[in-house]
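Open the model in a viewer that can select by residue number and show side chains. The tour below goes from one selection to the next and says what is found at each stop.

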Amino acid sequence: MVSKNYYDVTQWAIGDPFNDIGEVINSILLDIKKRQKEIDENDGGKPGAVIYIPPGDYHLKTQVVIDISFLKIMGSGHGFTSSSIRYNVPEDEWSDLHELWPGGSRILVDLSGSSKEEAAGAAFYIQRSGDPRISSVEFSNFCIDGLHFVDDGSDETNPENTYTNGITGIHVASANDSFRITGMGFVYLEHGIISYHADALTIHDNFIAECGSCIELRGWGQASKVTDNLIGAGFKGYSIYAENFGGLLVTANNVFPRGASCIHLEGVTRSLISNNRLHAFYPGMVILDKNSSENSISSNHLLHDHEPWAPLQGRNNGLDDTFGLLSINGNSNTVIGNHFSEIIDKDQISPKGATPVIIHVVTGNGNYISNNHIVATKSELTSSDSCFASQVEALLTNDANEALEVKTVLIERQSFGNTVLDSGSEAQVELDKEDNAFRATPTPAKHSILNELR
């Protein structure tokens, strides 16, 4: 017996899903609302539905507007493949490629996006006013592909590298509860996921890359998690961004380089950043801003090195190396047991001749910084036309043995009552010892890379 609450977009009588899956899904949503009108019928009444998208290429020309709870839209494959690599390969070589486009259950967003009307450029737009909040909407196991980036008026010679097209994958505009975004693929979107006022949101096990920004938790929210994702934004955007959030868990993510930041928090409190692998080509990898306080940052691996792929070299996020890989504006944060690798070309340091900073407490008191391991060595900027090979080679190169002078911890004068333990030598840590507690990392008399700096 087939449930009336299970829909296959290829079997629905209204519209052609391959020409405009948006029209088809909106028609299905109308059918669900027509059939599920009673709010209390035999202790139920509105169970919601599942909409299934089989593997295939589905153009979306009409925005999907969701205003019902208990809805799951699912496919059979996130279908991610790199569009950035393809767009930076000469077109006369495309015929030699095994695949040109992402696959799986793939939605091709054909909306006319506009950065001035952000919501209008969303493939899936979720909004409902009144009580209760819209709840338990799920997106699972399909691909949302923005297809192309466009000329943004900058000096970017290849429009496909602008990370601009006004297109968003999923935009949640109203307060929501227990949403789940799992196993999805997002590619070539200016914004992957935007969610306002989220409560108990799960963003787990997705591939969100080659997007202007990947995850943006806006407005305010609580008790949510961003876990076990593969993420990579463009040089103008966020990989993971949250504002005015409490109880946010950011764990076990693998964040690729090129994003302006890996994790950027503003006004976020009592949250956890742990066990992430973070890689960046620019400083400002993790930013705690606007009085982000009482957060725990632990057991993360942060690598800062240079872009090795020729087509995307020469970009930056506008921050100097004195900004810090981790920048803190807030109070009573715990930074413990992290590994920082600063592997950069001395001639590329900005401003020229400056000493790079690893952990930077700009303002705040009561921050506890302990047992962080900082490796800082000199390398030479290299360039290659092969994206995959050049990045793997850069990651595996570990024979640099010339120490790079850095400030492992910098506590600014306006900050006080902070504690710094075993996170750098006397020469590497800069702070006012009258206003802050400090214990240097013990250094051996011989055979220490730190002694090369003395």
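Start with the side chain of His360: one of its polar atoms lies 3.0 Å from the backbone oxygen of Phe323, a polar contact (a pair of N or O atoms within 3.5 Å; within protein, one must be able to donate a hydrogen and the other to accept it, and residues adjacent in sequence count only if both atoms are side-chain atoms). This is a predicted model, in which local features need pLDDT of at least 70 and side-chain atom pairs count only at pLDDT 80 or more, while totals for chains, interfaces and linings use all residues. Residues are numbered from 1 along each chain as its sequence is written, and side-chain values use heavy atoms, with hydrogens and water left out.

Stay on His360 and widen the selection to strand β32 (residues 357-363), which contains it; strands (E, at least two residues) are DSSP runs, numbered from the N terminus. With a relative accessible area of 8%, His360 is buried (under 20% relative accessible area; exposed is over 50%, partly exposed in between; 1.4 Å probe, protein chains only). Leaving aside residues up to four places away in sequence, His360 touches Thr322, Phe323, Gly324, Leu326, Ser327, Ile328, Leu410 and Glu412, where contact means heavy atoms within 4.5 Å.

Next, select Phe416, in the loop between β35 (407-411) and β36 (419-421). Phe416 counts as partly exposed, at 46% relative accessibility. Draw a distance from its C-alpha atom to that of Val361: the two are 55 residues apart along the chain and separated by 9.8 Å. The contacts of Phe416, not counting residues up to four places away in sequence, are Gly364, Asn365, Gly366, Asp435 and Asn436.

Now move to strand β23 (residues 261-266). Is this strand enclosed or open? Six of its six residues are buried, so β23 is largely enclosed by the rest of the structure. Add strand β20 (residues 238-243), which runs parallel to β23 and is joined to it by five bridges; strands pair if DSSP finds at least two bridges between them. Ser261 of β23 is the bridge partner of Tyr238. Then add strand β26 (residues 286-289), also parallel to β23, with four bridges between them. Here Leu265 has Leu288 in β26 as its bridge partner.

Finish at Thr182, in strand β13 (residues 180-182). Thr182 counts as buried, at 14% relative accessibility. Show its contacts, again without residues up to four places away in sequence: Phe139, Ser140, Asn141, Thr202, His204, Asp205 and Asn206.
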